Amino acid sequence: MRKRETVWPVWFLLGAFFLLLAAALAAWLTEMSTLPANVGRELTAEEQQAIIADNSPLTQYVRLSPNATFPREGKIEKITIHHMAGNLSLERLGEVFANPGRRASSNYAIDIDGNVALYVEECNRAWTSSSPENDHAAVTIEVANDEIGGNWHVSDESYWALIDLCVDICRRNGIKELTWTGDETGTLTIHKFFKEDTACPGPYLEGGMPYIAEAVNRQLQS
Ligand SMILES: [Zn+2]
């Protein structure tokens, strides 16, 4: 009698376990099958050129990340700046974002020489700013640091490339002006507005935001 009482919960638990396993597998397969075929792998020069044609012409390297929402909801209305918190090559960052386990990406990145890479096409939402709401409306940009820690300095080459990329994104997406309000209401935002425990994009870039907005707007108006 005692034996019988203990037998059925084991089978019940085992059954429930396999049911959950099947559900998880089905969810994973659905996610994998709905991903575009060009994400997560290295692309030929021709494939990269075809993708650049629909995004910023300033792009020099493309490796698309599976860590994105396809397509984004709503239209592009703002730009959000991040720093790498390191000095990664565009290829290395592409490898990092190609790993589905990282659950992170950005639309663009800029290395310390001012070269630009694309990881998530502008029509899709990158997973960058800890805020789906922000990232559905923003193009996100990671900038490499030439100083690790401290002010998290970025090179002049990265700085000018960032301004050029912002101008290009605004022009192609009909953003008339970049507004820096120092909070999340502007059309130029930074990661720390959406996440309490991050200093991203670091003091150097954060301090430069009013100047970046002004420089971009000057070019947009000319
Ligand atoms: Zn960030």
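Let me start in the middle of the fold, with strand β3, residues 78-83, which is mostly covered, since 6 of its 6 residues count as buried. I should say at once that what we are looking at is a predicted model, and I would ask you to keep that in mind throughout. If you follow the side chains along β3, Lys78, Thr80 and His82 point one way, while Ile79, Ile81 and His83 point the other way, and all of these residues are buried.

Which strands does β3 pair with? On the one hand, 6 bridges join β3 to β7, and these two strands run parallel; within that pairing, Ile79 has Val139 of β7 as its bridge partner. On the other hand, 3 bridges join β3 to β8, again with the strands running parallel, and here Thr80 has Thr189 of β8 as its bridge partner.

Stepping back to the sheet as a whole, 6 strands form an open sheet in the order β1-β5-β4-β7-β3-β8, and the pairing is mixed. The edge strands are β1, residues 59-62, and β8, residues 188-190, each of which pairs on one side only. From one strand to the next, the twist averages 30°. As general background, strands of a sheet pair through backbone hydrogen bonds, either parallel or antiparallel.

At the β1 edge, the partner is β5, residues 116-118, which runs parallel to β1 and is joined to it by 3 bridges; Val62, for instance, stands opposite Leu118 of β5. Lying across β1, β4, β5 and β7 is helix α3, residues 90-98, which runs at about 20° to β5.

Now to helix α6, which covers residues 202-221. This helix has 20 residues and reaches 29 Å from its first C-alpha to its last, close to the 28 Å expected at 1.5 Å a residue. Where does α6 kink? The kink, of about 50°, lies at Met209, shortly before the proline Pro210. The buried residues of α6 are Gly202, Leu205, Ala213 and Val216, and what covers them includes β3, β7, α5 and β8, so that brings us back to the strand where I began. It may help to recall that an α-helix has 3.6 residues a turn, so residues three or four places apart point the same way.

Finally, a word on the domains: the domain assignment of the protein gives domain 1, residues 1-34, and domain 2, residues 45-221. The C-alpha centres of domain 1 and domain 2 lie 42 Å apart.

Conventions. Residues numbered from 1 in each chain as written. Predicted model: local features only at pLDDT ≥ 70, side-chain atom pairs only at ≥ 80, totals over all residues. Pairing = 2+ DSSP bridges. Helix = DSSP H or I, 4+ residues; strand = E, 2+ residues; numbered from the N terminus. Axes fitted to C-alpha atoms, helices over the stretch in contact; angles between N-to-C directions. Contact = placed C-beta atoms within 7 Å. Domains from an automatic or database assignment. Buried ≥ 20, exposed ≤ 12 C-beta atoms within 10 Å, placed from the backbone. Expected span 1.5 Å × (residues − 1). Bend = angle between axes of the 7 residues up to and from the residue.
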